[in-house]
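Visitor: Please take a close look at one part of this model and then follow it outward to whatever it leads to. A connected account would suit me better than a list.

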Amino acid sequence: MENLNSTSGCIKALAPSCEGPSAREAIRSRLEKLNSIPTVPAIVRPLLHYMEKPIDQMEVKRVVDMISCDESIAAQCLRMANSALYFLPQVVKTIHGAVIVLGVRQVREILLACSLLNLLPKEQNSLPALAMWEHSLGCALLGRELARRIDYPEPERAYLAGLLHDLGELINFVAFPGEARAYLARASAEQIPLYDAELASIGFTHCDSGSVVAEMWRLPYHLSEVIRFHHTVQQAKLYPDLVALVSLSDLLCRANELGYGYDEKTLPDPLQAVEWEILGAKAAKLARLGPALLVREMSAQVKQVHKHVQSVFKG
Ligand SMILES: [Fe+2]
Ligand SMILES: [Fe+2]
């Protein structure tokens, strides 16, 4: 792996990300004019807030109600609950049954993944949807696992942030499909990070478009900061530890065949990542374990994560 002295896979020689109010305004007005941004499903916002609750304060009925309010999400939830992943002894036929058998925590995760999957445009077969969601779910699972190992105080928050960190890729493929296809082809041909191909091809990145949409959707600020800065961690202002944690998960996923369906030859060395230092300020156990051990353990963990991801999306 070639080290490009990058914080998280971004080549510094390229132009900086599209920052500043006027550039963000330009993206926003372009998105608004196109009128093609997927609207956030009604279920997602309350769900994101509910996800933050401690598990013992969650009510089965409330979870069942949330799932049942959207027929297609309910159907997807049942399909996933009955996938090979959960090894259920019998077929689960109702949402209530799924919640009882799987538990609120697992159903909550399934529900969130399903409702986000529904954002994908069904008609665009060029969208690398499967690879994108495998990568996002991989980052969510790996991020939570890393959080638990270093006693990071909010592992569930790490899961959610991992799941949503590349929201901007989805937005780009929906709102600017021609340009997105072109930069993906370039990234894949040159085996460079998508972020770099975006800057070179369209002058802004999925971090820019994703964070603009996160604001339009009024997602919680910690999520929009992760979406905006996960490739430029040192710019994170209020939640640098969460951003660093997601950035590390992203890097470890991409380094272990859970990226965007192509090999990146210019990935930085995860051991040299500045993210360890940022994260260490919030998680004292990290210093005891050390990045070398954690990189080894998490890289081994990716195989498990890969299996889990495969069974969710192909089960
Ligand atoms: Fe990204
Ligand atoms: Fe990513």
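Guide: Helix H11, residues 194-202, is largely enclosed by the rest of the structure, because seven of its nine residues are buried. This is a predicted model, and what follows should be read as such. The buried residues of H11 are Leu194, Tyr195, Asp196, Ala197, Glu198, Leu199 and Ile202. An α-helix has 3.6 residues a turn, so residues three or four places apart point the same way. The cover over the buried residues of H11 includes helix H9 (167-175), helix H10 (177-190) and H12. After H11 comes Gly203, with a positive phi near 80°.

H12 leads on to the metal site. The iron ion (ligand 1) has as protein donors Asp166 through OD and His206, His230 and His231 through NE2, at 2.1 to 2.2 Å. Along the sequence these donor residues follow the spacing D-x39-H-x23-H-H. The four donor atoms subtend angles of 87 to 177° around the iron ion (ligand 1), and the arrangement is therefore irregular. For four donors to count as tetrahedral, all angles would have to lie between 85 and 135 degrees; the upper value here is 177°.

His206 lies in helix H12 (residues 206-216), whereas His230 sits in the loop between helix H13 (221-229) and helix H14 (240-255), so this pair ties together parts that are 24 residues apart in sequence. His206 is buried, with a relative accessible area of 2%. His230 also counts as buried, at 0% relative accessibility.

Asp166 connects this ion to a second one: Asp166 bridges the iron ion (ligand 1) and the iron ion (ligand 2), and the two ions lie 3.6 Å apart. For the iron ion (ligand 2), the protein donors are His135 and His165 through NE2 and Asp166 and Asp250 through OD, at 2.0 to 2.2 Å. Their sequence spacing reads H-x29-H-D-x83-D. Here the four donor atoms subtend angles of 84 to 172°, which makes the arrangement around the iron ion (ligand 2) irregular. Both His165 and Asp166 are buried.

Elsewhere in the chain, helix H3 (residues 60-68) packs against helix H5 (residues 95-102) at an angle of about 135°, with the axes 9 Å apart. H3 is therefore oblique to H5. The crossing of H3 past H5 is right-handed. H3 contributes Val60, Val63, Val64, Ile67 and Ser68 to the contact, and H5 contributes Ile95, His96 and Val99.

Val63 also takes part in a contact with Tyr50. Tyr50 belongs to helix H2 (residues 44-51) and is buried, with a relative accessible area of 7%. The C-alpha atoms of Tyr50 and Val63 are separated by 9.1 Å, and the two residues are 13 residues apart along the chain. Leaving aside residues up to four places away in sequence, Tyr50 touches Gln57, Met58, Glu59, Arg62, Val63, Met66 and Arg108.

Key: Residues are numbered from 1 along each chain as its sequence is written. Chains are lettered from A and ligands numbered from 1 in the order in which they are written. This is a predicted model: local features need pLDDT of at least 70, side-chain atom pairs count only at pLDDT 80 or more; totals for chains, interfaces and linings use all residues. Side-chain values use heavy atoms; hydrogens and water are left out. Donors are N, O and S atoms within 2.8 Å of the metal (3.2 Å for Na, K and Ca); water is not among the atoms, so sites may look incomplete. Four donors count as tetrahedral if all angles lie between 85 and 135 degrees; four count as square planar and six as octahedral if opposite donors are over 155 degrees apart and all others between 65 and 115; anything else is irregular. Helices (H or I, at least four residues) and strands (E, at least two) are DSSP runs, numbered from the N terminus. Buried means under 20% relative accessible area, exposed over 50%, partly exposed in between (1.4 Å probe, protein chains only). Axes are lines fitted to C-alpha atoms, for helices over the stretch in contact, and angles run from 0 to 180 degrees between N-to-C directions. Angles under 35 degrees count as roughly parallel, over 145 as roughly antiparallel, 65 to 115 as roughly perpendicular and the rest as oblique. A crossing is left-handed if the near helix is turned anticlockwise from the far one by less than a right angle, and right-handed if clockwise. Contact means heavy atoms within 4.5 Å.
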